[in-house]
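Okay, folks, let me put the next one up on the screen. Have a quick look at it, and then I'll walk you through.

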Amino acid sequence: MMMMTMKKEGSLLRIIIAVTLTLLLCFLTADSEVRCIESERHALLNFKQHLEDPSNRLASWTAAAASDVDCCDWIGVVCDNRTGHILQLHLTTFYPLYDELTDDVQWDAQYEAYERSRFGGKINPSLLDLKHLIYLDLSGNYFNGTQIPKFLGSMGSLRYLNLSNAGFGGLIPHQLGNLSNLQYLDLGLNYYDLHVKNLQWLSGLPLLQHLDLSSANLSQASDWLQEINKLPSLSELRLSGCALSGFIPPPIPSSINFSSLTTLHLSSNYFQNTSILFWVFGLHYLVSLDLSYNWFLGPIPVHLQNLTSLRHLDLSVNEFNSSIPNWLYSFSHLEFLNLKSNYLQGRISSAIGNLTSAISIDLSFNELEGKVPRSLGSLCKLREITLSYYKWGQEISEIFERGQEISEIFESLSRCVSNGLEILEMDGAQLSGHLTDELGKFKNLVILSLRYNSISGPIPLSIGNLSSLRSLYLESNQINGTLPQSFGLLSKLEYLNIGLNMLEGVVLEVHLANLMRLKTLVAFQNQLTLEVSDNWTPPFQLYTLVLGSWNLGSKFPLWLYSQEQLLSLDISNAGIIDAVPPWFWNLSSQFRYLNISHNQIYGEIPHIPLILTHFSTIDVSSNNFTGPLPCISSNVSFLDLSNNLLSGSISHFLCYKMNESKFMEFLNLGKNLLSGKISNCWMKWQRLFVLNLENNNFTGKIPASIGSLINLQSLHLYNNKFSGKLLSLLKNCTNLFTIDIGKNEFDGSIPKWIGHRLSSLKILSLHSNNFYGQIPDELCALTSLQILDLSHNKLFGSIPKCVNNFSTMASNHNSNYPIFFPLSQIEAYNYRPFESELLVIKGKSLEYSTTLGLVNIIDLSNNNLSGEIPKEVASLQGLQSLNLSFNILTGRIPENIGDMRSLESIDFSINQLSGKIPQSMSSLTFLSQLNLSNNKLIGRIPSSTQLQSLNASSFFGNKLCGPPLTDNCTIHFVKPNIENKWGKHFGGQMVDWFFVSMALGFVVGFWVVVGPLLWNKQWRILYFQFLDHLGYKLGGVVTQTW
């Protein structure tokens, strides 16, 4: 019994001792907590000293006493819990993600925040004091093209090194090959000519598993494949954009053996021949293969069928032009398949149903056609389908409806895939028909995009069932009816684009009631009316609001006051008849895009000295604004104040903040009441592409500084009172494609250098000025010229015979697209400014804009041109209007004028043309306007439906006959008897004194008039001014008559 008691007491004592020791150990441990090493703390502080940290992210890295600060608690620092040594530095700056759910405005805001937060400066060698550092991540920062520090190769403990997207450049140091413990190396996405001479240094990295050299130039490392092949543990290899197009593969394929490789990315190397990929076809364990953005031609390589373990295959943006091979459908493990932007043809096989693991399939932007097979419905794991620009040949109703009308594929979608489908994109797929209530079954849809189709009918009520929907794009269809109130149930909706449809009716507050997450609302070019109360406050905070062509009421929308984050606003053509409230102009400093054009808004525009974002757009054109021009921030790149009632000088506007460079690219001040001279302040406006000052009251000479606008492409000064010799100032503006300076008082000759220095000219309009001299032959070098208007000047001489060099006019293949201005950045929705021109065709003055690219005309009328019409003009088979009237042209109309099959209007009136009308003119089937009056033409008018349908006045003042004239050519002309009967009676010796007296009278009368003009210079000047004035008046009267 005693023994048992002693044993119990001994056991209890041991327990007490054990607990006491444990408590003592815990106390001692707590009292001697492991802290960072002092030398390593100083190393970090030295490192920070040379680092640029604009957002003060490293505020916790302080130089306070070591007893107060533990560097293991600093941001981005990870220490060993036992030794206190620094093991890891996480100093990455995360690049903002951009996907289908990212709005451009939101992206810009995120990118600006990213730029403000990233590190820069220099990397201090003090990092070498971190002897135990195994992990270093400096990715996503900006080191301004500096070389990767060579000393990093001495940090022998490193296992992880990430310097991607950090702005490094120059030669990759071979010293990195000394990091024998390295398992992860990422130097990708450094765009500052990061390059190597060879990759032999990789042989010193035997443990490397991940290698990313994307965007580094490896063109000098011809043996890159053999060197990388020496890495036995490599599992991921990323060499996208490495300039490997000149790669020559090694002769012995069996020498390449990446037995551990599972991921291979070779995109954007511009390979052409798929035979260089022979070594890839043997990588049987490959899980991810990216060959996108190359130039591969022909069929998809058949040897890819060996890679049956693939889960991710990206062959997008190549030039594969075969059908989709059947073997590809046997990849049962494939989860992500991207074949977009190729030239794939034919139909999709029913074997696509074998891709049972598929999560994402993208077949967009190919030449595939026909109905997609029913077997697609068996892919119940499918989360994303992108079939944009696919030639469906079927109605949209077949997608969502059950019953007899449904196609095989979309019946399947509504049964199985609809349960999990999150992204469905079918833009530009030639879809027609109606959306139906079956749409509401796709309750997990996050993105639905059906843009650029021919879908008609109303939006179904069931759209309110798409409770997960975040992005809805129905832009550019034929959807009609009213907006269903169920729209208000889409509480997760962030991006809505229903613009360019035929929606009508009233939008109430209930339609927008629950759209609290909405960031982008684009609904322009519909016939919708917004009816909300005066004190309505929207539930959302928008970045982008585009309601162009809505009826917003006559009052300026006060609810905009609540939109504090608004960056893009379009309420153009919205029926507003009101002044802009002052608070709105205060908001303008945050706008990237502002369009309130085509309303009846009045009042003065205040100065807008502050715009926060570069390349901003302001369009307040076609309103009733009055007062002087406002001073505008230098950050604005697009400014349209045209078609208002603005008045006064332009000087304060042009010369505002001359110490700042202007970002302005597009400036339109046309159709106002501006006046005065132009100041010499163009030196800081060198970004200008477009300058429009037309239809104002400007006077004086254009200052010489306009010649500094070296990027100028479009110049409109039409209908002002400018004078002087402008053309000589434009010698350095070699990018010009439009010069319209008509209806001014410019003078001088047309410079010969225009044909060679301004070789891009499409439009040259100098009409109604005082230009004189001959038309230089060098003008024929303007091969892109479409519009040549030199009318109403004082030009003389002959028409150049080289006009056949106007190759654009000689072609029948003009672009049917508008002539767009190539501006850097215009933040707008389906709005890009394009060239416009006021032209006189068929006797009518019309403004051409969207169809201007189709117009080819020559107008040389109302000059003093002489000689014959060159036969070479008939080679201009694309010319639509030719006006040579009011000159002194002689000779015959070119016999081959019938070759100009595109001619719609010809005016040769009031010249001295002779001979017959060419028979070939009857071939001009498009001719609807012809004026040959007041010439010396003779004979019968050729027979044709076109010519006989014209007005008879087109042929008056000639000796012509036949329809449409009343003279039917049946009366023969009798030769008048001018024989001298008196001379015959008296042997031909008698003098006819009537003619003698006529000759003497002419001589005396001539010198009575001409003599004083020769001797008196002032009389001579006044006389010729009188003749010019009389000539212009006579020309105007005749033009109105005909």
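By contact I mean heavy atoms within 4.5 Å. With that in mind, among contacts in the protein chain between residues at least 6 apart in sequence, 57% join residues at least 24 apart. Now the small print: this is a predicted model, where local features need pLDDT of at least 70, side-chain atom pairs count only at pLDDT 80 or more, and totals for chains, interfaces and linings use all residues. Residues are numbered from 1 along each chain as its sequence is written, and side-chain values use heavy atoms, leaving out hydrogens and water.

The protein chain has 1042 residues, and 52% of them are buried, meaning under 20% relative accessible area with a 1.4 Å probe, protein chains only. It carries 13 helices and 62 strands, taken as DSSP runs numbered from the N terminus: H or I of at least four residues for helices, E of at least two for strands.

Let's zoom in on one sheet. Here 5 strands run in the order β23-β25-β27-β29-β31, making an open sheet with parallel pairing; to pair, two strands need at least two DSSP bridges between them. β23 (432-434) and β31 (527-530) are at the edges with a single partner strand each, so one side of each has no neighbour in the sheet. For β23, pairing with β25 (residues 454-457) is parallel over 3 bridges, and S432 sits opposite S454 in β25.

That's the sheet; questions?

How values were computed
Buried < 20%, exposed > 50% of the residue type's maximum accessible area, 1.4 Å probe, protein only.
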